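Take a look at the chain shown here. The paragraphs below walk through it step by step.

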Amino acid sequence: MATRHQGGTVLEAAKSKLRPPPLYKVLLLNDDYTPMDFVVMVLQSIFGMDRERAVQIMLAVHREGRGVCGVYPKDIATSKVEQAVAYARQHQHPLQCVMEET
């Protein structure tokens with residue numbers, strides 16, 4: 001696609017190949033000490049889930065060893081991981097929250 005301007009100059013539209021930023025999965029990992037109710041509370045308060053969805057994710061963590069809390073751009077994923085870990089430590093639970101690129 002070309003655009004003509006005064007003086008007969010032809011300008012071509014530059015085609016950039018911008019890719020969307022990579023996304024990261026935020027995961028909770030199972031342990032033998034963190035109460036299930038606490039995991040549900042974390043999922044509701046930090047990840048904004050309703051109770052039903054939070055219970056589903058908590059059961060996945062319990063049964064499969066890990067559960068996906070959400071998929072976010074890197075800065076948001078990092079923030080969610082830090083919030084979840086800090087909240088768990090504040091309440092003296094060893095809950096692990098990690099992120100991995102999708």
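What follows is a short tour, from the overall layout to single residues.

The model is predicted. Its chain has three helices and five strands. Along the sequence they come in the pattern β-β-β-α-α-β-α-β. The chain has 102 residues, and buried ones make up 30% of them. Take the contacts between residues at least 6 apart in sequence: 67% of these join residues at least 24 apart. The accessible surface comes to about 7200 Å². Carbon and sulfur atoms account for 53% of that surface.

Start with helix α2, residues 51–64. At 1.5 Å a residue, its 14 residues should span 20 Å. The C-alpha atoms at its ends are 20 Å apart, so the model agrees with the expected span. Which residues of α2 are buried? They are A54, I57, M58, A60 and V61. These residues cover an arc of only 155° around the axis, which means that they sit on the same side of α2. An α-helix has 3.6 residues a turn, so residues three or four places apart point the same way. The other side of α2 carries E52, R63 and E64, which are exposed.

What do the buried residues of α2 pack against? Their partners are β3 (23–29), α1 (36–45) and β4 (66–73). After α2 comes G65, and its phi is positive, near 90°.

Helix α1 has its own buried residues: F38, V39, V40, V42 and L43. They pack against β3, α2, β4 and α3.

F38 also appears among the contacts of H93. H93 sits in the loop between α3 (74–90) and β5 (96–101). Is H93 buried or exposed? Its relative accessibility is 18%, so H93 counts as buried; the cut-off for buried is under 20%. Leaving aside neighbours within four places in sequence, H93 is in contact with T34, P35, F38 and A88.

Move on to strand β5, where C97 lies. C97 is buried, at 5% relative accessibility. Residues up to four places away in sequence aside, C97 touches V26, L27, L28, F47, V81, A84 and V85. One of these, L27, is 70 residues from C97 along the chain. Yet the C-alpha atoms of the two are separated by 5.6 Å.

Now for the charged side chains. Side chains of opposite charge can pair when their charged atoms come close. The structure holds two salt bridges. K25 forms one with E100, and the closest N and O atoms are 3.5 Å apart. K25 is in strand β3 and E100 in strand β5, so this pair ties together parts that are 75 residues apart in sequence. R66 forms a salt bridge with E100 too, with the closest N and O atoms 3.1 Å apart. Here R66 in strand β4 is linked to E100 in strand β5, 34 residues apart. K25, R66 and E100 are thus linked in a network of salt bridges. How accessible are they? K25 is partly exposed at 24%. E100 is partly exposed at 28%, and R66 is partly exposed at 37%.

End at the surface. L23, V68 and V71 form a nonpolar patch there. Together they have about 210 Å² of accessible area. V71 is placed in strand β4. At 44% relative accessibility, V71 counts as partly exposed.

Terms used. Residues are numbered from 1 along each chain as its sequence is written. This is a predicted model: local features need pLDDT of at least 70, side-chain atom pairs count only at pLDDT 80 or more; totals for chains, interfaces and linings use all residues. Side-chain values use heavy atoms; hydrogens and water are left out. Helices (H or I, at least four residues) and strands (E, at least two) are DSSP runs, numbered from the N terminus. The expected span of a helix is 1.5 Å times one less than its number of residues. Buried means under 20% relative accessible area, exposed over 50%, partly exposed in between (1.4 Å probe, protein chains only). The arc is that of the directions from the helix axis to the C-beta atoms. Contact means heavy atoms within 4.5 Å. Patches are made of residues with over 30% relative accessible area and no salt bridge: like charges are joined within 9 Å, nonpolar side chains (Val, Leu, Ile, Met, Phe, Trp, Tyr) within 5 Å. Accessible areas come from the Shrake-Rupley method with a 1.4 Å probe; for residues, only the protein chains shown count as cover. A salt bridge is a side-chain nitrogen of Lys or Arg within 4 Å of a carboxyl oxygen of Asp or Glu.
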